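Please look through the structure below with its sheet pairing, its nonpolar cores and its aromatic side chains in mind. The paragraphs that follow take these topics in turn.

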Amino acid sequence: MSGLDQPDILAAYDAVRSDKDETNWLLLSYAGAVGDKLVLSGTGKGGLAELTSKLEDGQAQYGYSRIEYALDSESKRVKFILIVWIGEGTKVMRKARVSIESGAVKRVFSHHSIQVDARDRGDLDEKDIVARLRRAGGADYNGGRG
């Protein structure tokens, strides 16, 4: 997969993972209609909602996001998610290649608790994702109340 080792992509990944940086998401897009070159198409501080607003219906894209949620009234947890977005208008050949090419993205963005395969923005509802993270995280000190 071409482009994943670019300094701007690696710096954005480090920024999202850093506790000292406010950046909490990044988005990769294909550089052209054909080929496997990925480019950094955005970063931000507005959370999953902002990232979701940047997804394009005619594209396959990869997002990486920091999600913070309360375990209980005393503590918070930080988790990371990898989003594999295939918009409704994505061309058939691009859709087919995502299953192969997403493996390279997973290797570079290796620190994530869950992968979210999204075809619709509704697949990226933060409450649903936090519930998945709680289940994936093991102990639930909130008695299963979400």
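Two strands are taken to pair if DSSP finds at least two bridges between them. The model examined here is a predicted one. In it, strands S3 and S4 pair in the antiparallel sense, over 11 bridges. One of these places is Tyr64, whose bridge partner in S4 is Leu82. The two strands form a hairpin, and five residues lie between them.

S3 also pairs with S1. The S1 and S3 strands run antiparallel and are joined by five bridges. Here Leu27 has Gly63 of S3 as its bridge partner. As for burial, nine of the 11 residues of S3 are buried, so the strand is largely enclosed by the rest of the structure. In a regular strand, side chains alternate between the two faces of the sheet.

The nonpolar cores come next. The largest nonpolar core has 20 residues, and the members that touch the most others are Leu26, Leu28, Tyr62 and Phe109. At least two residues of this core come from each of helix H1 (7–17), strand S1 (25–30), strand S3 (60–70), strand S4 (76–86) and helix H3 (92–108). A second core of 18 residues is separate, and it includes Tyr69, Ile81, Ile114 and Val116.

What does Tyr62 contact, leaving aside its neighbours within four places in sequence? The residues in contact with Tyr62 are Leu26, Leu27, Leu28, Tyr30, Leu38, Ile83, Val84, Val98, Glu101, Ser102 and Val105.

The aromatic side chains can be followed in a similar way. A pair of aromatic rings is described by the distance of the centres and the angle of the planes. Rings of Phe, Tyr and Trp count as a pair if their centres lie within 6.5 Å, and by this rule there are five aromatic pairs. In one of them, the ring centres of Tyr13 and Phe109 are 4.9 Å apart and the planes are at 15°, so this pair is stacked. Tyr13 belongs to helix H1 and Phe109 to the loop between H3 and strand S5 (114–118), so the pair ties together parts that are 96 residues apart in sequence. Tyr13 is buried, with a relative accessible area of 8%, and Phe109 is buried as well, with a value of 0%.

Phe109 also pairs with Tyr64. The centres of these two rings are 5.3 Å apart and their planes are at 45°, so the pair is tilted. This pair too links distant parts of the chain, with Tyr64 in strand S3 and Phe109 in the loop between H3 and S5, 45 residues apart. Tyr64 counts as buried, at 0% relative accessibility. Ring pairs link Tyr13, Tyr64, Phe80 and Phe109 into a cluster. A charged side chain accompanies one ring of this cluster: Arg17 lies over the face of Phe80, 4.5 Å from the ring centre.

Around Tyr13 there are further neighbours. Not counting residues up to four places away in sequence, Tyr13 touches Leu26, Tyr64, Val108, Phe109, Ser110 and His111. Of these, Val108 is found in helix H3. Is Val108 buried or partly exposed? At 25% relative accessibility, Val108 counts as partly exposed, because buried means under 20%. Apart from its neighbours within four places in sequence, Val108 is in contact with Leu4, Leu10 and Tyr13. By contrast with these contacts, Val108 and Leu133 are 21 Å apart in space, C-alpha to C-alpha, and 25 residues apart in sequence. For Tyr13 and Ile129, the C-alpha separation is 20 Å, with their positions 116 residues apart in sequence counted as the distance apart.

Arginine and ring also meet at another site. The charged end of Arg94 sits over the ring of Tyr30, 3.7 Å from its centre. Arg94 is in helix H3 and is buried, with a relative accessible area of 11%. Which backbone oxygens does the side chain of Arg94 reach? The side chain reaches the backbone oxygen of Gly32 at 3.0 Å and the backbone oxygen of Gly35 at 2.7 Å. Not counting residues up to four places away in sequence, Arg94 touches Tyr30, Gly32, Ala33, Val34, Gly35, Ala60 and Glu101.

Definitions and conventions
Residues numbered from 1 in each chain as written. Predicted model: local features only at pLDDT ≥ 70, side-chain atom pairs only at ≥ 80, totals over all residues. Heavy atoms only, no water. Core = buried A, V, L, I, M, F, W, Y, C linked by side-chain atoms within 4.5 Å. Buried < 20%, exposed > 50% of the residue type's maximum accessible area, 1.4 Å probe, protein only. Helix = DSSP H or I, 4+ residues; strand = E, 2+ residues; numbered from the N terminus. Contact = heavy atoms within 4.5 Å. Phe/Tyr/Trp six-rings, centres within 6.5 Å; stacked < 30°, edge-to-face > 60°. Lys NZ or Arg CZ within 6 Å of the ring centre and 35° of its normal. Polar contact = N/O pair within 3.5 Å; in protein donor to acceptor, adjacent residues only side chain to side chain.
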